[in-house]
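Student: I have a new structure open and would like a guided tour. Could we go through it together?
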Amino acid sequence: MSKLTLRPIISDKDKNIFIKEIQEAFQKAYVEAFGEFEKAVLPIEDIEQSFDAKGSEAYIAEIDGTRVGGAIIVIDNKSESNSLHLLYVKSGLQNVGNGFKIWRAIEELHPETKIWETHTPYYDKRNIHFYINRCGFKIVEFFNPRHKDPHQTSDTAGNIPLENNYFFRFEKVMK
């Protein structure tokens, strides 16, 4: 059985590949839910914010040297409450356990974590299933027009239209 490895993103080439692949994966999920959409659902600026966040660690996930996805996590060594900002499985490689392998590798990388947090849009049923049923997260908050995410600075998340701007916040207690 092949082992997944997380390789830190250190070059602009890897960063650009990550951006292209994650945008493609997120776009596919949105299009499956709502049909064709002319804008990038996940703008480069949003991805760059995750790359630039304090405590950010970015990885390409590989199996036998082949990219299968990637992730950006934000580590807070003081509180040991960490955040999964972005995780993707490369289009065409989903639904075969690669996302779970990426998540398990992240957990193994940071065994000191007390709580993991992440977010996902309400329309992405595959992600909701993944975080709850595969990874052990619990939904702890639902962001919507009447209960806005305090970290979101505008009425939209990325380029997602206002009428689809609903997100779940998940937590996984580790210790």
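**A first tour of the fold, the pocket and selected residues**

Tutor: Certainly. The protein has four helices and seven strands. Please keep in mind that this is a predicted model.

Student: What pattern does the protein follow along the sequence?

Tutor: Reading along the sequence, the order is β-α-α-β-β-β-α-β-α-β-β.

Student: And how many residues are there, and what share counts as buried?

Tutor: The protein has 175 residues, and 45% of them count as buried. The protein exposes about 9,700 Å², with carbon and sulfur atoms supplying 52% of that area.

Student: What share of the contacts comes from residues 24 or more positions apart?

Tutor: Among contacts with a separation of 6 or more, such residues account for 66%.

Student: Let us change topic to pockets. What is the volume of the second largest pocket?

Tutor: Its volume is about 410 Å³. The lining consists of 22 residues, and those nearest the centre of the pocket are V89, Q94, R126, N127 and F130.

Student: Which elements give two or more residues to that lining?

Tutor: They are α1 (12-34), β4 (81-89), α3 (98-109) and α4 (125-134). Of the elements, α4 gives the most, with six residues.

Student: How does the lining of this pocket divide by class?

Tutor: The lining of the second largest pocket has twelve nonpolar residues, seven polar ones and three charged ones.

Student: Now the aromatic rings. How many aromatic pairs does a search of the whole structure find?

Tutor: The search finds 17 aromatic pairs. One of them joins W103 and F137, whose ring centres are 5.2 Å apart with 55° between the planes, a tilted arrangement.

Student: Where do W103 and F137 lie?

Tutor: W103 is in helix α3, while F137 is in the loop between α4 and β6 (138-143). The two are 34 residues apart, and the pair therefore links distant parts of the chain.

Student: Are W103 and F137 buried or exposed?

Tutor: Both W103 and F137 are buried.

Student: You named F130 at the pocket. Why is the pair of F130 and Y131 called edge-to-face?

Tutor: The planes of the two rings stand at 65°, so the pair counts as edge-to-face; the cut-off for that class is over 60 degrees. The centres of the F130 and Y131 rings are 5.1 Å apart.

Student: And what is the relative accessible area of F130, and of Y131?

Tutor: F130 has 12% and is buried. Y131 has 5% and is buried as well.

Student: Back to helix α3, then. Why does K101 count as partly exposed?

Tutor: K101, which is found in helix α3, has a relative accessibility of 27%. Partly exposed covers values between the limits for buried, under 20%, and exposed, over 50%, so K101 belongs there. K101 and A61 are 40 residues apart in sequence, yet their C-alpha atoms are 9.1 Å apart in space.

Student: Next, the backbone. What is special about phi of D64?

Tutor: Phi of D64 is near 50°, a positive value in a residue other than glycine. D64 lies in the loop between β2 (56-63) and β3 (66-74), and at 60% relative accessibility D64 counts as exposed.

Student: And what about phi of E80?

Tutor: For E80, phi is near 60°, again a positive value in a residue other than glycine. E80 is found in the loop between β3 and β4, and its relative accessibility of 22% makes E80 partly exposed.

Student: Moving into strand β4, which residues does S83 touch?

Tutor: Leaving out residues up to four places away in sequence, S83 touches I72, I73, V74, W116 and E117. S83 counts as buried, at 13% relative accessibility.

Student: One last residue, Q23. Where is the place of Q23, and is Q23 buried or exposed?

Tutor: Q23 sits in helix α1 and is buried, with a relative accessible area of 19%. Not counting neighbours within four places in sequence, Q23 is in contact with A40, L42, P43, I44 and I47.

Student: How far apart are the C-alpha atoms of Q23 and K90?

Tutor: They are separated by 9.8 Å, with the two positions 67 residues apart along the chain taken as their sequence separation.

Technical notes
Residues numbered from 1 in each chain as written. Predicted model: local features only at pLDDT ≥ 70, side-chain atom pairs only at ≥ 80, totals over all residues. Heavy atoms only, no water. 1 Å grid on protein atoms, 1.4 Å probe; cavity = no way out; pocket = protein on both sides within 12 Å on 5 of 7 lines; lining within 4 Å. Points joined across faces, edges and corners; volume = space filled by probe spheres on them. Nonpolar A, V, L, I, M, F, W, Y, C, P; charged D, E, K, R; others polar. Buried < 20%, exposed > 50% of the residue type's maximum accessible area, 1.4 Å probe, protein only. Contact = heavy atoms within 4.5 Å. Areas by Shrake-Rupley, 256 points an atom, 1.4 Å probe, with all protein chains shown as cover. Phe/Tyr/Trp six-rings, centres within 6.5 Å; stacked < 30°, edge-to-face > 60°.
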